[in-house]
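Colleague: I'd like to learn how to read a model like this one. Could you walk me through it?

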Amino acid sequence: LGLFLVIPGCFYYWRKLRGHIDRVSPDIVYTNGFKMHVLGLFAAGGRPVAAHCHDRVSSRPVMAKFFRIFGGRFKRIMAVSDFIREDIVRLCGQGVQVHRVYNGIDVGFFSRKASEVDVERMCGLTPSAAKPLRIGFVATLARWKGHDLFIESLSLLPADIHWRAYIVGSAIYQTSGSQWSLEELRDMVVRRG
């Protein structure tokens, strides 16, 4: 029932987007994110569309079906990793052009700042006598991002490695089924020791 309630809003947005694209008349339409891949492809009015994929498509049943059916209509598909690229190729077939394009990050900027931050204090942790190996996982709390795999992987680290791990991110969705709660993540950590 919920899906049928959003259809009028989606149609209205698609129509406005199509009008805007027609007015701007770009040579190519660039989409970023699952919802925009769908809307952009159908609103482009025959113009080539380049999709930029950040997430594993096959883990989302509706999007997996969309890419299987319509993936060949994209002029180009960009994936942020080989893992994502291979996932899309498996869904769409070898005929679809999927290119790995890493996210551009100025590592130097963040590296300089990291030495100035007292992460333990910010997280309410007691400072460690020995400098620990810091392991970070930066993502929204979306279930498909792999928080559970991250926590499981940490539980497999040898006991002689001194480390501290941090999950950095927040909830962005309004539906609890789409994302982990902090309580769920804390429970996973406790269960994994």
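**Fold and salt bridges**

Modeller: Happy to. From the N terminus, the elements of the protein chain follow the order α-β-α-β-α-β-α-β-α-α-β-α-β-α, where helices (H or I, at least four residues) and strands (E, at least two) are DSSP runs numbered from the N terminus. That gives eight helices and six strands. This is a predicted model, so local features need pLDDT of at least 70 and side-chain atom pairs count only at pLDDT 80 or more, while totals for chains, interfaces and linings use all residues. Residues are numbered from 1 along each chain as its sequence is written, and side-chain values use heavy atoms, with hydrogens and water left out.

Colleague: What does the radius of gyration say about the protein chain?

Modeller: The radius of gyration is taken over C-alpha atoms, and the globule rule is 2.2 Å times the number of residues to the power 0.38. Here the radius is 21 Å, well over the 16 Å that the rule gives for 193 residues, so the protein chain is more spread out than a compact globule. Along the principal axes, its C-alpha atoms fill a box of roughly 60 × 40 × 30 Å.

Colleague: How many of the 193 residues, as a percentage, are buried?

Modeller: Buried means under 20% relative accessible area, exposed means over 50%, and partly exposed is in between (1.4 Å probe, protein chains only). By that standard, 28% of the 193 residues are buried.

Colleague: And how many salt bridges are there in the whole structure?

Modeller: A salt bridge is a side-chain nitrogen of Lys or Arg within 4 Å of a carboxyl oxygen of Asp or Glu. The search finds eleven. Let's start with Asp-82 and Arg-85, whose side chains meet at 3.7 Å, N to O.

Colleague: Where do Asp-82 and Arg-85 lie?

Modeller: First, the general idea: an α-helix has 3.6 residues a turn, so residues three or four places apart point the same way. In this case, both residues belong to helix α4 (residues 82-92), three residues apart, about one turn of the helix. Asp-82 is partly exposed at 32% relative accessibility, and Arg-85 is partly exposed at 25%.

Colleague: Which other residues are linked with this pair in a network?

Modeller: Glu-86 and Arg-100 join Asp-82 and Arg-85 in a network of salt bridges. Within it, Glu-86 meets Arg-85 at 3.9 Å, N to O, and Glu-86 is partly exposed with a relative accessible area of 38%.

Colleague: Which residues of α4 are buried, and what do they pack against?

Modeller: The buried ones are Ile-84, Asp-87, Ile-88, Val-89, Leu-91 and Cys-92. Taking contact to mean heavy atoms within 4.5 Å, these buried residues pack against β2 (49-53), α3 (61-70), β3 (76-79) and β4 (98-100). After α4 comes Gly-93, with a positive phi near 100°.

Colleague: What about the salt bridge between Glu-120 and Arg-134?

Modeller: Their side chains meet at 3.1 Å, N to O. Glu-120 sits in helix α6 (residues 119-122) and Arg-134 in strand β5 (residues 133-138), so the pair ties together parts 14 residues apart in sequence. Glu-120 is buried, with a relative accessible area of 5%, whereas Arg-134 is partly exposed at 38%.
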